[in-house]
Structures are given as structure tokens and as C-alpha cells.
Amino acid sequence: MERRQVLLDVLADVGPPIVPVWLTTDIEEALLWFETLEGTGVKGIVAKPLRSACKALRTWARRER
């Protein structure tokens, strides 16, 4: 959670379109999000074990036109 707090601190004054995603360890809250966020622009929900490492599986890059 220390890593997330650093991210939140860095993004505190940035604002949209760069915003941190929601986070919960409560299964009931996650299920509520899953049931109610459809149609709001949320692209999906990511779930992973709490203690697992955060590894980038792909890299996003912007192409200049």
C-alpha cells in the first residue's frame, strides 16, 4: 500500500484525464462496482492477489502521426 500512497501523492494535483483507479480489498464492494458501473465508461475490473507483484505484461506507446 505504500507504493499506492506514493502514486496518489504524485497525482494529487494532476486531475483528469489522469486519475488513479479505485482500489478495494472488500469483495462486496468489488461486486457492487461490477454490477453498477456498466455503461459509465469503466472498461473493466482487474483483480489480483493482494501480495502479488505488479508486473507490466505489455507496454503502451503513443505513435506520432
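This section describes the fold, the aromatic pair, the largest pocket and the surroundings of one alanine in a predicted model.

The protein has 65 residues. Its secondary structure consists of 2 helices and 0 strands. Helix α1 spans residues 2-11, and helix α2 spans residues 27-36. Burial is limited to 5% of the residues. The exposed surface amounts to about 7000 Å². Carbon and sulfur atoms supply 58% of that area.

The structure contains 1 aromatic pair. Its members are Trp22 and Trp33. The ring centres lie 5.1 Å apart, and the planes meet at 55°. This geometry is classed as tilted, because the class takes in angles that are neither under 30 degrees nor over 60. Trp22 sits in the loop between α1 and α2, whereas Trp33 belongs to helix α2. The two positions are 11 residues apart in sequence, so the pair ties the loop to the helix. The partners differ in their cover. Trp22 has a relative accessibility of 56% and therefore counts as exposed. Trp33, at 16%, counts as buried, because the cut-off for burial is under 20%.

The largest pocket encloses about 1600 Å³ of space. Its lining is made up of 25 residues. Closest to the pocket centre are Arg4, Val21, Trp22, Leu23 and Val46. Trp22 thus appears both in this central group and in the aromatic pair. Two elements, α1 and α2, each give two or more residues to the lining. Helix α1 provides the largest share, with 3 residues. By class, the lining holds 18 nonpolar residues, 3 polar residues and 4 charged residues.

Ala30 was examined as a single position. Ala30 is placed in helix α2, the helix that also carries Trp33. Its relative accessibility is 22%. Ala30 therefore counts as partly exposed, since the buried class requires a value under 20%. Beyond its neighbours within four places in sequence, Ala30 is in contact with Thr24 and Ile45. A further relation links Ala30 with Ala47. These two alanines are separated by 17 residues in sequence. In space, the C-alpha to C-alpha distance between Ala30 and Ala47 is 9.3 Å.

Terms used:
Residues numbered from 1 in each chain as written. Predicted model: local features only at pLDDT ≥ 70, side-chain atom pairs only at ≥ 80, totals over all residues. Heavy atoms only, no water. Helix = DSSP H or I, 4+ residues; strand = E, 2+ residues; numbered from the N terminus. Buried < 20%, exposed > 50% of the residue type's maximum accessible area, 1.4 Å probe, protein only. Areas by Shrake-Rupley, 256 points an atom, 1.4 Å probe, with all protein chains shown as cover. Phe/Tyr/Trp six-rings, centres within 6.5 Å; stacked < 30°, edge-to-face > 60°. 1 Å grid on protein atoms, 1.4 Å probe; cavity = no way out; pocket = protein on both sides within 12 Å on 5 of 7 lines; lining within 4 Å. Points joined across faces, edges and corners; volume = space filled by probe spheres on them. Nonpolar A, V, L, I, M, F, W, Y, C, P; charged D, E, K, R; others polar. Contact = heavy atoms within 4.5 Å.
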